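Reader: I am new to reading structures. Could you take one part and walk me through it closely? Please keep the sentences short.

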Amino acid sequence: MPKRILQGVVVSDKMDKTIIVRVDRRVRHPLYKKFITRSKKFAAHDEENLYREGDTVRIEEHRPISRRKRWMALARVGEEPASGEAGA
């Protein structure tokens, strides 16, 4: 089963090696048929403390790292993901 990848905004970077990412999604109200925004906050692992508050990042499902952390920060949106290959 593939890992889920979500995109959201970093709302807190105060902890060491951890960021809190708010992921927004638009849902349609069942009765009024109006689109409303729902959000959820995820704790994600940030090994090098690269990401700051306000950054838009992609996070990926990961094995449990601690009690609350089950996500790993991949990269900022708009940046090239870091890869081991130097020029291809």
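Author: Here is a walk through the nonpolar core, the strands around it and the salt bridges. Keep in mind that this is a predicted model.

Start with the core. The largest nonpolar core has 11 residues. Among them are Val10, Ile19, Val21 and Val23. Phe42, Ala44 and Tyr51 belong to this core too. So do Val57, Ile59, Trp71 and Ala73. Four strands each give two or more residues to the core: E2 (18–28), E3 (35–45), E4 (56–61) and E5 (71–76). E2 gives the largest share, three residues.

Now pick one core member, valine 10. What does valine 10 touch, leaving out residues up to four places away in sequence? Its contacts include Ile19, Ile20 and Val21. They also include the run Tyr51, Arg52, Glu53, Gly54 and Asp55. Val57 completes the list. Several of these names return below.

Next, the strands. E2 and E3 pair in the antiparallel sense, over 11 bridges. One pair to find is arginine 25 with its bridge partner in E3, arginine 38. Between these two strands, the hairpin has six residues. Look there for lysine 33, which takes a positive phi near 60°.

E3 has another partner. It pairs with E5 in the parallel sense, over two bridges. Alanine 44 stands opposite tryptophan 71 in E5. Both residues are also on the core list.

Move on to E4. Five bridges join E4 to E5, and these strands run antiparallel. Here valine 57, a core residue, has arginine 76 in E5 as its bridge partner. E4 is also joined to E1 by five bridges, again antiparallel. There, isoleucine 5 has glutamate 60 in E4 as its bridge partner. One general point helps when you view any of these strands. In a regular strand, side chains alternate between the two faces of the sheet.

Now the charged side chains. The model has six salt bridges. Let us look at three of them.

Take arginine 52, one of the contacts of valine 10. Its side chain meets that of aspartate 13 in a salt bridge, 3.3 Å from N to O. The pair links distant parts of the chain, 39 residues apart. Arginine 52 is in the loop between E3 and E4. Aspartate 13 is in the loop between E1 (5–12) and E2. How open are these two residues? Arginine 52 has a relative accessible area of 43%, so it is partly exposed. Aspartate 13, at 21%, is partly exposed as well. The cut-off matters here, because buried means under 20%.

Glutamate 53 is another contact of valine 10. The side chains of glutamate 53 and lysine 14 meet in a salt bridge, 3.6 Å from N to O. Glutamate 53 lies in the loop between E3 and E4, and lysine 14 in the loop between E1 and E2, so this pair ties together parts that are 39 residues apart in sequence. Glutamate 53 counts as partly exposed, at 46% relative accessibility. Lysine 14 is exposed, with a relative accessible area of 69%.

The third salt bridge joins aspartate 24 and arginine 22. Their closest N and O atoms are 3.3 Å apart. Aspartate 24 is partly exposed, with a relative accessible area of 39%. Arginine 22 is partly exposed too, at 30%.

Last, go back to valine 10. It is a core residue, and its contacts include both Arg52 and Glu53. Find valine 10 in the view, then trace those contacts one by one.

Conventions: Residues are numbered from 1 along each chain as its sequence is written. This is a predicted model: local features need pLDDT of at least 70, side-chain atom pairs count only at pLDDT 80 or more; totals for chains, interfaces and linings use all residues. Side-chain values use heavy atoms; hydrogens and water are left out. A nonpolar core is a set of buried Ala, Val, Leu, Ile, Met, Phe, Trp, Tyr and Cys residues joined through side-chain atoms within 4.5 Å. Buried means under 20% relative accessible area, exposed over 50%, partly exposed in between (1.4 Å probe, protein chains only). Contact means heavy atoms within 4.5 Å. Two strands pair if DSSP finds at least two bridges between them. A salt bridge is a side-chain nitrogen of Lys or Arg within 4 Å of a carboxyl oxygen of Asp or Glu.
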